[in-house]
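Please keep the sequence and the model open side by side while reading these points. They go from one chain as a whole to single elements, and then to the other chain and the place where the two chains touch.

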Amino acid sequence: MFYRESGDFKKTYQKDSQTFPIKFDRMRYYFVLAVAFLVIPMFLTDYMANAVMIPFLVWAIAALGLNILVGYTGQLSLGTGGFMAVGAYATYKLMTAFPGMDMVTVILLSGLITAFVGAMFGLPSLRIKGFYLAVATLASQFFLVWLLNKVPWFYNNSASGQISAPEREMFGVIITGPHATPVAAYLFCLVFAVALAWLARNLTRGRLGRSWMAIRDMDIAAEIIGVNPLMAKLSAFAVSSFFIGIAGSLFFSVYLGAAEVTEAFGITVSFAVLFMIIIGGLGSIFGSFVGAAFMVLMPVLLKNVLVGGMGWPTDLAAHFEYIIVGGLIIIFLIVEPHGLAQMARVLKEKLRLWPFPH
Amino acid sequence: MKLKQLATIALTTLAVSAPVAADLVFPSLSYRTGPYAAGGTPYADGWADYFTMLNARDGGIGGVMTSVPECETGYNTAKGVECYESLKGDGALVFNPLSTGITYQLIPKATADDIPLLTQGYGRTSGANGAIFSHVFNFPANYWAGASRIVNRIKHEAGGDIAGKNIALVYHNSGYGKEPIPTLKALAEKHGFDLTLIPVDHPGQEQKSQWLQIRRERPDNIILYGWGVMNQVALQEAANIRYPMDQMFGIWWSGTENDKLDGMASHGYKAATFHNVGSEYPVYKDIQKHVVDAGLAAGDGSNVGSVLYNRGMYAAMTAATAAATAQDMHGEKNITAGMMRDGLENINMSDAVMAAAGLPKFGPEFTGSCANHGGTGQVGIQQWDGNKQAWKLIGGFESPDNKVIGELIKADSDAYAAENNITPRDC
């Protein structure tokens with residue numbers, strides 16, 4: 001019934017090694033893309049875009065980036081907030097210094113700048129591992145936030161250290177700034193999210209991704225079979241930071257429109273993204289999206305149900321949000337320690353056998 | 001192309017089908033949770049209770065009932081944006097987020113949506129320049145006025161000369177705390193004092209290293225720009241190193257009932273304020289009768305008369321006055337957010353208006369205009385009395401160094417206009 005392979009013969013190697021070899025899976029994937037690109041924009045309100053969909057896409061990109069580093073390469077990092085801040089401030093500096101530059105270039109360049117910074121902070125990973133590396137990346141988090149707060153050049157000497165995104169358009173449609181329509185901003189983020197997910201999926205299937213996973217599973221064995229740990233680890237840091245930098249860039253320019261480094265990119269951001277990939281599933285592209293959805297959408301949903309639907313006082317609802325989300329995290333981790341992606345995998349295996357259990 | 005048309009049609013249908021609110025909506029972006037709840041709760045209570053009282057006593061504003069939908073921001077900018085988006089659909093007339101970070105976030109959005117922001121005593125100081133910030137109103141006073149008034153007071157207490165003195169600014173390391181730095185730097189140059197900057201990171205529970213530095217350098221005066229738990233910790237640390245309390249000055253967000261120590265420990269601590277203190281005003285009888293006794297209070301009623309409650313109520317009174325002004329101007333009872341903006345711009349907060357609202361001489365008189373969204377910037381000085389456990393106004397409302405501030409406001413708002421391609425309005 002679902003996920004059936006019978007009768008689906010692959011006649012070329014290319015077809016055999018495609019990302020979704022099962023037809024049902026492939027159709028489902030196209031269906032999701034069609035809904036995201038064609039259906040959602042028709043029903044998008046300001047609130048849906050700015051409070052739900054855009055933050056979801058931005059956090060999904062950040063989670064993808066961290067998943068490459070933690071999930072695929074096994075290098076524990078707590079520097080996500082700092083790297084997102086680098087992406088955001090790079091965007092701000094590029095947007096204000098080169099007003100004519102188009103937004104795609106700005107965002108890609110911000111990603112590249114973050115990739116460079118990330119690779120620099122990845123250097124200690126060659127010597128230290130595990131929790132010690134987590135502490136080293138934690139230092140990068142605090143250092144980057146401190147630096148961006150300390151040096152007025154980064155925020156063009158504004159009185160309060162706030163950065164705000166000027167208005168920019170693409171193909172005549174405004175995508176950043178207050179006059180951007182929700183549809184334009186959403187589609188802009190969606191294109192990045194889909195392109196980056198596609199890139200991550202294909203990177204992890206290729207030589208580079210395999211070298212990451214070899215390092216993750218056992219670094220000495222990987223070295224013996226010819227994986228260069230320097231290249232593998234640094235490339236993982238660079239690619240991961242590239243993704244996170246783009247997330248920070250979109251977070252600032254499209255989603256919030258203004259940001260302040262200590263408030264928007266603090267240590268809580270690093271933890272939030274780490275929780276997303278742990279809940280979603282380490283080493284899974286799908287897991288990054290589900291984890292981001294869980295962490296972003298659940299509080300908004302709960303707030304709307306408790307305050308809007310049931311008329312609770314806002315402070316009580318806010319406290320209950322923490323309790324419910326925290327409880328759900330614990331339940332999910334007890335039921336399935338490998339995250340929501342593993343749940344989906346198990347479900348898929350069950351469905352393949354269904355309705356015959358053996 | 002077709003898709004875009006379809007999307008536009010879908011969006012307009014959604015926009016049109018949204019319920020048309022019959023009330024005048026004054027949303028409250030409050031924070032009753034998190035490290036800043038001690039400040040956010042009384043303010044939100046004051047804001048809500050005043051409108052409840054207007055509904056019960058006068059039947060709303062100009063005969064139209066008011067409503068105050070609340071949304072919890074937790075002092076977090078991302079949640080603030082979520083709240084803004086959800087409340088603006090309810091026909092919000094004005095936003096008062098009580099957070100400098102959220103204000104910065106909302107300035108471009110609210111300007112585009114034609115909804116005014118009322119940010120009394122916080123937010124972006126250069127918002128006082130109405131030619132560039134058409135939708136931001138921060139009268140009667142702003143951070144720079146507060147900083148300048150404190151420096152003037154220090155100068156006054158030092159006998160008129162503060163050259164060579166060392167003044168330390170202990171500030172919340174965020175947009176809020178950093179606001180006064182340009183002004184203080186300019187004033188340091190003008191008056192010849194040395195300025196030491198001592199940042200405290202959010203939320204400010206840990207300040208040992210900062211106060212070690214203060215103990216070493218022994219500044220002649222300390223200016224405190226703190227919020228939430230940071231204030232109490234700063235005062236406690238100051239008491240621990242036996243820093244003389246009467247040489248410490250807080251901005252108004254560091255001058256509330258939360259910001260004191262038990263007994264006489266913080267006796268003599270001073271703070272700037274842009275409104276009067278205490279609950280000896282006729283309006284409190286109405287609030288007690290129509291709101292607290294009727295069981296309609298937003299909180300548990302225990303905050304009535306506290307500094308932050310007063311401030312929230314003062315903001316509500318300003319918003320209500322502006323709404324009445326807008327109703328008169330446009331001859332329309334059910335005003336829109338755009339009309340509310342006009343009302344704020346043409347507000348005339350005279351002694352007569354304040355007396356009629358039951359708050360005689362509560363704050364300085366001010367008027368709005370196209371160019372001036374910041375009022376006169378008159379600021380008073382209050383002092384904590386450990387014996388009575390209450391604040392007492394010791395320095396009247398005086399104008400700050402408006403020449404220095406005016407130049408800085410112009411420079412900062414011009415930079416904003418250049419960055420965001422804004423053509424200043426012709427005022």
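1. This note concerns a predicted model, and a convenient place to begin is helix α7(B). The elements that cover the buried residues of α7(B) include α5 (143-157), β7 (166-172), α6 (175-178), β8 (194-200) and α14 (402-419) of chain B. The helix runs over residues 181-191 of chain B, and its buried residues are I181(B), P182(B), T183(B), L184(B) and L187(B). After α7(B) comes G192(B), whose phi is positive, near 80°.

2. For chain B as a whole, the count is 14 helices and 15 strands. The radius of gyration of chain B is 21 Å, and because this is close to the 22 Å that the globule rule gives for 427 residues, the chain is as compact as a globular protein of that length. Its C-alpha trace spans about 70 × 55 × 40 Å along the principal axes.

3. How much of chain B is buried? Of the 427 residues in chain B, 57% are buried residues. If one takes the contacts in chain B between residues at least 6 apart in sequence, 69% of them join residues at least 24 apart.

4. In chain A, a helix pair worth tracing is α3 (residues 46-72) with α7 (residues 182-205), which pack at an angle of about 15° with their axes 10 Å apart. Angles under 35 degrees count as roughly parallel, and α3(A) and α7(A) are therefore roughly parallel to each other. Their crossing is left-handed. On the side of α3(A), the residues that make the contact include M53(A), L57(A), I61(A), L64(A) and I68(A), while those of α7(A) include Y186(A), L190(A), A193(A), L196(A) and A200(A). The residues of this contact of α3(A) with α7(A) divide into 20 nonpolar, two polar and one charged. When following such residues along a helix, it helps to recall that an α-helix has 3.6 residues a turn, so residues three or four places apart point the same way.

5. A second pair in chain A is α4 (residues 80-97) and α12 (residues 267-280), which pack at an angle of about 110° with their axes 6 Å apart. That angle makes α4(A) roughly perpendicular to α12(A). Here T80(A), G81(A) and M84(A) of α4(A) meet I267(A), V269(A), S270(A) and V273(A) of α12(A). The residues of the contact of α4(A) with α12(A) divide into four nonpolar, three polar and no charged.

6. Is L302(A), a residue of helix α13 (residues 285-309) of chain A, buried or exposed? L302(A) counts as buried because it has 20 C-beta neighbours inside 10 Å. Leaving aside neighbours within four places in sequence, L302(A) is in contact with E321(A) and I324(A). From V227(A), by comparison, L302(A) is 75 residues apart in sequence and 47 Å apart in space, C-alpha to C-alpha.

7. The last point is the place where the chains touch, in which 34 residues of chain A are in contact with 39 residues of chain B. On the side of chain A, the elements that give two or more residues are α3, α11 (261-264) and α14 (314-335), and α14(A) gives the most, with five residues. The residues of this side of chain A divide into 15 nonpolar, 14 polar and five charged.

How values were computed
Residues numbered from 1 in each chain as written. Chains lettered and ligands numbered in written order. Predicted model: local features only at pLDDT ≥ 70, side-chain atom pairs only at ≥ 80, totals over all residues. Buried ≥ 20, exposed ≤ 12 C-beta atoms within 10 Å, placed from the backbone. Helix = DSSP H or I, 4+ residues; strand = E, 2+ residues; numbered from the N terminus. Contact = placed C-beta atoms within 7 Å. Rg over C-alpha atoms; globule rule 2.2 N^0.38 Å. Axes fitted to C-alpha atoms, helices over the stretch in contact; angles between N-to-C directions. Parallel < 35°, antiparallel > 145°, perpendicular 65-115°, else oblique. Left-handed = near helix turned anticlockwise from the far one by under 90°. Nonpolar A, V, L, I, M, F, W, Y, C, P; charged D, E, K, R; others polar.
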